[in-house]
Structures are given as C-alpha cells and as structure tokens.
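I opened my notebook to look up a few things in a new structure, one topic per entry. Here is what I wrote down as I went.

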Amino acid sequence: MESLTQLREKLPEFEKLNVRLGCTVQGTAAEAAEVCGQYGMAEKCIPDPEKESYAKMGLDRTTLGAMVFASDELKARRKENRAAGFSVSVKKSFMPHCDIFLLPGAALVERGGKILWLHRGAHPGDLPSADELLDRLRENLRDSLSR
Amino acid sequence: MTANATTKSHPGVGDAAPDFVYQDGAGNERRLSELWGEGPALIVWLRHFG
C-alpha cells in the first residue's frame with residue numbers, strides 16, 4: 001500500500017495545487033471502501049473491478065517471468081520501497097478482483113478532460129512516487145497556465 | 001515509460017481522457033469525469049490495492 005500511503009501524506013500539497021486526486025483500484029466498491037478506508041483514502045479511491053478504465057487508458061499487463069525475474073529497475077524500486085518501510089501485501093494482491101499482472105499508470109487531466117501528462121507503467125513497480133507526481137503536476141500546470 | 005506518443009487506440013497527451021462509470025461506496029453511480037469537471041485532476045491507476 002505504499003502508493004496510497006504516500007499519496008495520503010501528500011494530500012495537502014495536491015490541494016494547494018487545486019488538483020483533485022482519484023486513485024483507481026481494481027476491487028469492487030465494497031472492497032475499495034474497506035481496504036482504502038484502512039489508509040484513510042476511501043473517498044479518493046475509484047473502484048474498477050472490471051478494469052475498464054485500465055483498458056481504456058491502455059495499461060498493459062506484465063508477465064509472470066517479468067515479476068519473478070525482475071529487472072534491475074524493478075529490483076531497485078522494491079529496494080526503495082522496503083527501505084521506506086513499505087511492502088506489497090501478497091494477501092491483498094490475490095483478492096478476488098485483483099489482476100496482479102496489470103501495470104500501473106497516472107494521468108494529469110486539465111479541466112474539461114484534456115490529458116496534459118501521462119505515464120504508463122513499464123513494469124510492476126513503475127509508478128512515480130507521490131513526490132515525483134507532484135513535480136510533474138507543477139511542471140505541467142505551470143506550462144498550461146502560461147499558454 | 002512516460003507516454004507522449006499516442007498508441008494506436010489509446011489516448012495520449014493532448015487527447016481527451018476516457019470517461020467511465022463506476023459505483024461509489026454508497027452505491028451511487030459516478031463518473032470519472034466528475035474529477036476534472038471543475039479543475040485539473042490527477043488520476044492514478046494502482047496495481048491491485050496500491
């Protein structure tokens with residue numbers, strides 16, 4: 001749950017930027033309410049048990065081989081997460097509506113719906129940290145406002 | 001992988017973000033587009049539960 005924890009800690013900074021945050025998760029509404037609620041993020045979580053929005057955004061699935069024989073990049077991300085006190089819950093990874101092979105992503109969308117910035121994960125750990133996301137927001141919102 | 005190029009059938013930078021309908025914790029039908037209706041929004045797609 002490292003991502004939800006990090007994002008929750010940075011909520012005041014998202015609010016300062018007037019950016020609304022939505023965290024799409026793979027479970028049902030009940031699963032999202034229960035699990036995200038444990039992290040104080042129930043209101044930010046968007047349940048997508050059918051992975052419809054993942055498919056619409058073109059987020060890929062990784063392979064078992066890529067997870068078992070992790071790339072150096074993935075190993076480095078896992079090491080960073082462990083050092084920060086985070087670990088992935090195997091139990092939660094195998095919840096009924098979870099597809100552990102589905103890759104993460106993020107998008108900054110301006111008012112009205114145009115995508116300003118987009119990141120599609122290339123491996124299972126390839127989701128920018130909350131600090132990295134805030135940096136991308138500041139860059140892109142500054143550019144957007146200056147046009 | 002930060003995507004600036006649009007893949008054949010998926011949205012890229014400058015395209016309209018795809019909307020989708022979901023059910024919130026109270027059982028109400030909601031739209032993802034509500035998030036960017038009044039200002040910018042960051043949408044994160046988490047693996048399993050983050």
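**Entry 1: the interface**

I began with the area buried between chain A and chain B, which comes to about 4,400 Å². The model is a predicted one, so I read every value here as computed from that prediction. Carbon and sulfur atoms give 63% of the buried area. A reminder to myself: the size of an interface is often given as the accessible area lost when the parts come together.

How many residues does each chain bring to the contact? I found 66 residues from chain A and 39 residues from chain B. Within chain A, I noted Arg20(A), Ile115(A) and Arg120(A), which supply 15% of the area that chain A buries against chain B, more than any other three residues.

Next I looked at the pairings across the interface. There are 19 residue pairs in polar contact between chain A and chain B, counting pairs with both residues at pLDDT 80 or more. The count of salt bridges between chain A and chain B is zero.

**Entry 2: the nonpolar cores**

I turned to the largest nonpolar core, which has 26 residues. Which of them touch the most other members? They are Leu7(A), Leu21(A), Met41(A), Leu42(B) and Val44(B), so I wrote down names from both chains.

I then asked which elements give two or more residues to this core. From chain A they are helix 1 (2-9), helix 2 (11-16), strand 1 (20-25), helix 3 (29-38), strand 3 (105-109), strand 4 (115-120) and helix 8 (130-146), and from chain B there is strand 3 (41-45). Helix 8 of chain A gives the largest share of the core, five residues.

I picked Leu21(A) for a closer look. Leaving aside neighbours within four places in sequence, Leu21(A) is in contact with Leu7(A), Leu11(A), Phe14(A), Met41(A) and Lys44(A) in chain A, and with Leu35(B), Leu42(B) and Val44(B) in chain B.

There is also a second, separate core of 18 residues. Among its members I noted Met57(A), Ile115(A), Tyr22(B) and Leu35(B).

**Entry 3: Thr24(A)**

I found Thr24(A) in strand 1 of chain A. Is Thr24(A) buried or exposed? Its relative accessible area is 0%, so Thr24(A) is buried.

Not counting residues up to four places away in sequence, Thr24(A) touches Ile46(A), Asp48(A), Ser53(A) and Tyr54(A), and also Ile43(B), Val44(B), Trp45(B) and Leu46(B). I liked the pair of Thr24(A) and Ile46(A): they are 22 residues apart in sequence, yet 4.5 Å apart in space, C-alpha to C-alpha.

**Entry 4: the cysteines**

A disulfide is a covalent bond between the sulfur atoms of two cysteines. I searched the whole structure and found one disulfide over all chains. Cys36(A) and Cys45(A) form it, with their sulfur atoms 2.3 Å apart. The torsion about their S-S bond is about -90°, so this disulfide is left-handed.

Cys23(A) is in no disulfide. The nearest cysteine sulfur is that of Cys45(A), 5.3 Å away. Why is there no bond between these two? A disulfide needs sulfur atoms within 2.5 Å, and this separation is 5.3 Å.

I checked burial too. Cys36(A) is buried at a relative accessible area of 0%, Cys45(A) is buried at 7%, and Cys23(A) is buried at 0%.

**Entry 5: the salt bridges**

Side chains of opposite charge can pair when their charged atoms come close. I counted 10 salt bridges over all chains.

One of them joins Glu52(A) and Lys56(A), whose closest N and O atoms are 3.2 Å apart. Both residues lie in helix 4 (residues 52-56) of chain A, four residues apart, about one turn of the helix. Glu52(A) is partly exposed at 34%, and Lys56(A) is partly exposed at 33%.

In chain B, which residues form a salt bridge with Arg30(B)? Asp24(B) does, with the closest N and O atoms 3.2 Å apart, and so does Glu34(B), at 2.7 Å. Asp24(B) is buried at 12%, whereas Arg30(B) is partly exposed at 27% and Glu34(B) is partly exposed at 34%.

My last note is a network of salt bridges that links Lys10(A), Glu13(A), Asp131(A), Asp135(A) and Arg138(A).

Definitions and conventions
Residues numbered from 1 in each chain as written. Chains lettered and ligands numbered in written order. Predicted model: local features only at pLDDT ≥ 70, side-chain atom pairs only at ≥ 80, totals over all residues. Heavy atoms only, no water. Core = buried A, V, L, I, M, F, W, Y, C linked by side-chain atoms within 4.5 Å. Buried < 20%, exposed > 50% of the residue type's maximum accessible area, 1.4 Å probe, protein only. Contact = heavy atoms within 4.5 Å. Buried area = accessible area lost by both parts, 1.4 Å probe. Salt bridge = Lys/Arg side-chain N within 4 Å of Asp/Glu carboxyl O. Polar contact = N/O pair within 3.5 Å; in protein donor to acceptor, adjacent residues only side chain to side chain.
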